[in-house]
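Here is a short briefing to read alongside the model on your screen. Have the viewer ready, and we will go through it topic by topic.

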Amino acid sequence: MDDVIIGLEVHVQLNRLKTKLFCSCPINYHDSEPNTHVCPVCLGMPGAMPVINKEAVKAAIKIALALNAEVQPFTVFDRKNYFYPDLPKGFQISQYDRPLALGGYVTIETEDGEKKIALKRIHMEEDPGKLSYKGSITLAKYSLIDYNRSGVPLLEIVTEPVMSSPKEARLFLNKLRIILEYLEVFDGNLEGAMRVDANISLKGGGRVEIKNISSFKGVERALSYEITRQRNLLRRGRVVLRETRHFDEVNNITVSLRSKEEEQDYRYFPEPDLVPIHTSELVDEVKDLLPEMPEEKRQRFIQQYEIGDNFAKVLVLDPKMADYFEEVALQLDAKLAASWIVDVLRGELNYRGWDFRVGWEKLRPEEMIRLLKYFVEEKITEKGVVEVIRTKLDEGGDIDAIIQSKGLFAIPKTEIERLCREAIEKNPKAVEDYKAGKKQAANYLVGYVMKVTRGRADPAETAKIIREMLSN
Ligand code: ZN
Ligand code: MN
């Protein structure tokens with residue numbers, strides 16, 4: 001879509017930190033009673049003084065470095081003035097013309113190859129409180145405010161307007177999320193962890209901003225809706241107004257909120273209660289803490305374990321899955337480990353709505369190793385392994401006990417051979433028929449072995465042995 005221009009502003013909560021951005025209240029607002037993690041600072045009481053959380057600045061720098069951005073040596077907080085009930089101070093402490101970092105990029109894989117999505121800036125700010133409504137926003141008689149979220153550290157990551165389809169926007173967000181998860185300062189599973197404002201314009205139309213979309217699917221749908229809406233307006237010779245719209249996730253449409261506010265409306269000015277930050281020492285400190293990032297890991301997996309890129313690519317999507325693979329691959333053939341983890345375990349976890357963090361607890365790597373060793377030693381069939389994995393995930397229990405109780409231990413090859421010989425001896429008629437050219441008579445003999453073993457013999461393997469025996 002060459003006439004479409006999309007830029008994103010992504011708000012990311014640094015939600016694996018312990019405390020808020022400017023006070024020492026805990027940030028885990030998800031499972032606590034409303035308005036219990038609050039103090040004069042995050043309630044915006046007059047005279048309360050903010051103090052910067054150094055860990056939050058370090059986490060922000062870590063992210064900026066991982067996104068290839070240039071951390072600025074000197075950075076300043078500003079007041080962004082506007083009124084809303086979730087913002088009791090009447091201003092948000094944010095950053096304006098001296099943001100934490102400039103530039104940077106995220107690489108995505110599109111159908112036409114790799115594309116670098118350039119970033120404009122990355123800045124720190126505080127999350128406002130959270131409004132909630134009994135029932136729906138339009139029908140509720142009143143709204144409730146929870147200030148537990150007020151002051152949670154946020155990073156706003158702004159891209160250049162360089163994406164040209166809703167799909168590219170989704171690919172960018174997916175990749176960004178993976179990078180953030182790697183840095184261990186962000187948990188994407190928590191509600192509100194990543195909220196997106198999307199800017200979209202079509203050639204010849206005004207720029208429309210869609211505010212506060214809370215899911216990746218929502219971003220893609222909202223943008224698709226906007227493209228159709230704006231295209232229809234332009235086709236009919238009408239103008240696309242520059243405005244702010246809201247995405248209605250229930251009806252999958254966007255609705256007009258207000259004409260776009262201008263920067264001057266916010267009356268930005270430097271926050272007088274906070275000192276500017278000189279970042280150079282912190283940058284040095286953080287550089288040493290940067291973990292291996294997905295791209296590096298992918299290359300290393302291909303070289304060190306000699307697995308295909310198709311496996312490496314998937315394994316690095318989740319750092320926990322990558323770790324799981326390494327634990328198993330150190331004890332077994334790496335290709336075997338990769339294929340069981342990517343093709344089977346991942347699918348079984350997905351099916352149950354779990355990621356590898358849960359998977360790790362349900363089927364520990366050492367248990368997976370034991371199970372796959374049985375498979376390599378031909379003590380259990382492929383089908384048997386799958387059944388053990390499923391049982392283990394659904395019911396727990398010990399690997400060996402599951403194999404025993406379900407009778408999944410495979411019958412050794414020597415035993416199968418003995419039974420094949422027995423089948424031949426006991427069924428001279430079938431053997432005669434086979435030798436007379438009735439090839440399907442062999443099925444009768446295979447059936448005998450299957451019956452005696454109650455289906456635990458591998459039918460293809462058994463048929464092969466019988467045919468070999470009969471041709472001698
Ligand atoms: Zn507080
Ligand atoms: Mn913001």
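Let's begin at the metal: the manganese ion (ligand 2) is held by three donor residues, His11 through NE2, and Glu125 and Glu156 each through OE, at 2.0 to 2.2 Å. Please keep in mind that this is a predicted model. Beyond the metal site, a lysine in a helix and the division into domains are worth a look.

**The manganese site**
- Histidine 11 sits in strand S1 (residues 4–13) and glutamate 156 in strand S11 (residues 153–159), so this pair, 145 residues apart, links distant parts of the chain.
- Along the sequence, the donors of the manganese ion (ligand 2) follow the spacing H-x113-E-x30-E.
- Both histidine 11 and glutamate 156 are buried.

**Lysine 392**
- You will find lysine 392 in helix H11, which covers residues 382–395.
- Is lysine 392 buried or exposed? Its relative accessible area is 6%, and because buried means under 20%, lysine 392 counts as buried.
- The lysine 392 side chain reaches the backbone oxygen of glycine 397, at 2.6 Å.
- Setting aside neighbours within four places in sequence, lysine 392 has contacts with Lys362, Leu363, Glu367, Gly397, Ile399 and Ile402.
- Gly397 therefore appears twice in the picture of lysine 392: in its list of contacts and as the residue whose backbone oxygen its side chain reaches.

**Domains**
- Three domains make up the division of the chain: domain 1 (4–286), domain 2 (294–405) and domain 3 (413–471).
- Taken over C-alpha atoms, the centres of domain 1 and domain 3 are separated by 68 Å.

Terms used
Residues numbered from 1 in each chain as written. Chains lettered and ligands numbered in written order. Predicted model: local features only at pLDDT ≥ 70, side-chain atom pairs only at ≥ 80, totals over all residues. Heavy atoms only, no water. Donors = N, O, S within 2.8 Å, 3.2 Å for Na, K, Ca; no water. Helix = DSSP H or I, 4+ residues; strand = E, 2+ residues; numbered from the N terminus. Buried < 20%, exposed > 50% of the residue type's maximum accessible area, 1.4 Å probe, protein only. Polar contact = N/O pair within 3.5 Å; in protein donor to acceptor, adjacent residues only side chain to side chain. Contact = heavy atoms within 4.5 Å. Domains from an automatic or database assignment.
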